[in-house]
Amino acid sequence: MRTFIDHARSFREDVTRRGEDFSGLAAGQSPLALFISCSDSRVIPSLFTGARPGELFELRTAGNIVPPYRLDRPAGEVATIEFAVEMLGVADIVVCGHSHCGAVGALLGAADLRAAPALRGWLAEVADGTPGIGRPAQAAEDGASPAAPPRGDHAAAAQRHVLAQLDRLRRYPSIRRRVADGRITLHAWYYEVHTGSVLMHRPSTDAFLPL
Ligand SMILES: [Zn+2]
C-alpha cells in the first residue's frame, strides 16, 4: 500500500511536470466507449487501449459479467450500463474477457467457492445460456476436489462467456434500439494476461483473432 500512497501523493506534481492539463475534464465527460471487463488486477484496460482520462467509461465486475436487464431488483451493473448508454451516449461497447479468469474457472467447476457464497450465487444466476459453461462449484458442493480445466478449454470457455454477455447486452431495451439503428456497435474482446495480446471476435468466422 505504501507505494500507492507515495504515487498518489506525487501524482498532481507529476502531471504538471509532464505538461498535462486535466482542467478540461471538469467540464464533463464524453467517453468514446463503455468498456466492460473483469475486476482482475492483471487486466488494465487503459494500459492496453492507451485510453486517456475521459475516453473510457469502465464497468468492472467479477468475470466481466453483464446481468440480465430487470427493474424489479436494482443492480449497480445495470444502472452503470444504462447511464453510459442513455446519459453519455457511448457509441461503442466492449466486453473484454481474459485468460486465466478465476470467475470463468469457477463456472467450469474449477474453484471451491464455499467461502464466497455471494460470489457463487452471482455466478450461478448469470451462468445461463452459455454452452459449455455450468454452474459454479458443483464439484465442491458434491465434496469432490475441483480440478483446473485444461488451458485450451479455459480460453474457449472465456471467449464463449464474452459472447454470452454480449447477447445479454443486446436484450437491454436501450441497447437493442441503438444497435438496430446503428448508433451503438458491440465488440467482444479477449485479453491474454500473460502475453498482452488482445483478440477480437470476428462474426464472419466466429473466431477470436488478433486485433
Ligand atoms: Zn476474470
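**View 1. Helix H1 and the glycine that follows.** Glycine 19, just after H1, has a positive phi of about 75° in this predicted model. Helix H1 covers residues 2-17, 16 residues in total. At 1.5 Å a residue these should span 22 Å, and the C-alpha atoms at the helix ends are 22 Å apart, so expectation and model agree. H1 also bends, by about 50°, at phenylalanine 11.

**View 2. The zinc site.** Three residues coordinate the zinc ion: Cys38 through SG, His98 through NE2 and Cys101 through SG, at 2.0 to 2.2 Å. The sequence spacing of these donor residues is C-x59-H-x2-C. Cysteine 38 belongs to strand E1 (residues 33-38) and histidine 98 to strand E3 (residues 92-98), so this pair ties together parts lying 60 residues apart in sequence. Cysteine 38 has 6% relative accessibility and therefore counts as buried, the cut-off being under 20%. Histidine 98 is buried as well, at a relative accessible area of 1%.

**View 3. The open sheet.** The sheet is built from six strands in the order E2-E1-E3-E4-E5-E6, with mixed pairing. Strand E2 (56-61) and strand E6 (207-210) are its edges, since each pairs on one side only. From one strand to the next the twist averages 30°. Helix H3 (residues 76-87) packs on this sheet and touches E1, E2 and E3. The direction of H3 makes about 165° with that of E2.

**View 4. Pairing of E4 with E5.** Strand E4 (residues 185-191) and strand E5 (residues 198-202) run antiparallel and are joined by three bridges. Tryptophan 189 has methionine 200, in E5, as its bridge partner. Strands of a sheet pair through backbone hydrogen bonds, in either a parallel or an antiparallel arrangement.

**View 5. Asparagine 64, a positive phi in a buried loop residue.** Asparagine 64 is located in the loop between E2 and H3. Its phi is positive, about 40°, although asparagine 64 is not a glycine. With a relative accessible area of 2%, asparagine 64 is buried.

**View 6. Aspartate 206, a positive phi in an exposed loop residue.** The loop between E5 and E6 contains aspartate 206. Phi of aspartate 206 is near 50°, again a positive value in a residue other than glycine. The relative accessible area of aspartate 206 is 55%, so this residue counts as exposed, for which the cut-off is over 50%.

Conventions
Residues are numbered from 1 along each chain as its sequence is written. This is a predicted model: local features need pLDDT of at least 70, side-chain atom pairs count only at pLDDT 80 or more; totals for chains, interfaces and linings use all residues. Side-chain values use heavy atoms; hydrogens and water are left out. Donors are N, O and S atoms within 2.8 Å of the metal (3.2 Å for Na, K and Ca); water is not among the atoms, so sites may look incomplete. Helices (H or I, at least four residues) and strands (E, at least two) are DSSP runs, numbered from the N terminus. Buried means under 20% relative accessible area, exposed over 50%, partly exposed in between (1.4 Å probe, protein chains only). The expected span of a helix is 1.5 Å times one less than its number of residues. The bend at a residue is the angle between axes fitted to the seven residues ending there and the seven starting there. Two strands pair if DSSP finds at least two bridges between them. Axes are lines fitted to C-alpha atoms, for helices over the stretch in contact, and angles run from 0 to 180 degrees between N-to-C directions. Contact means heavy atoms within 4.5 Å.
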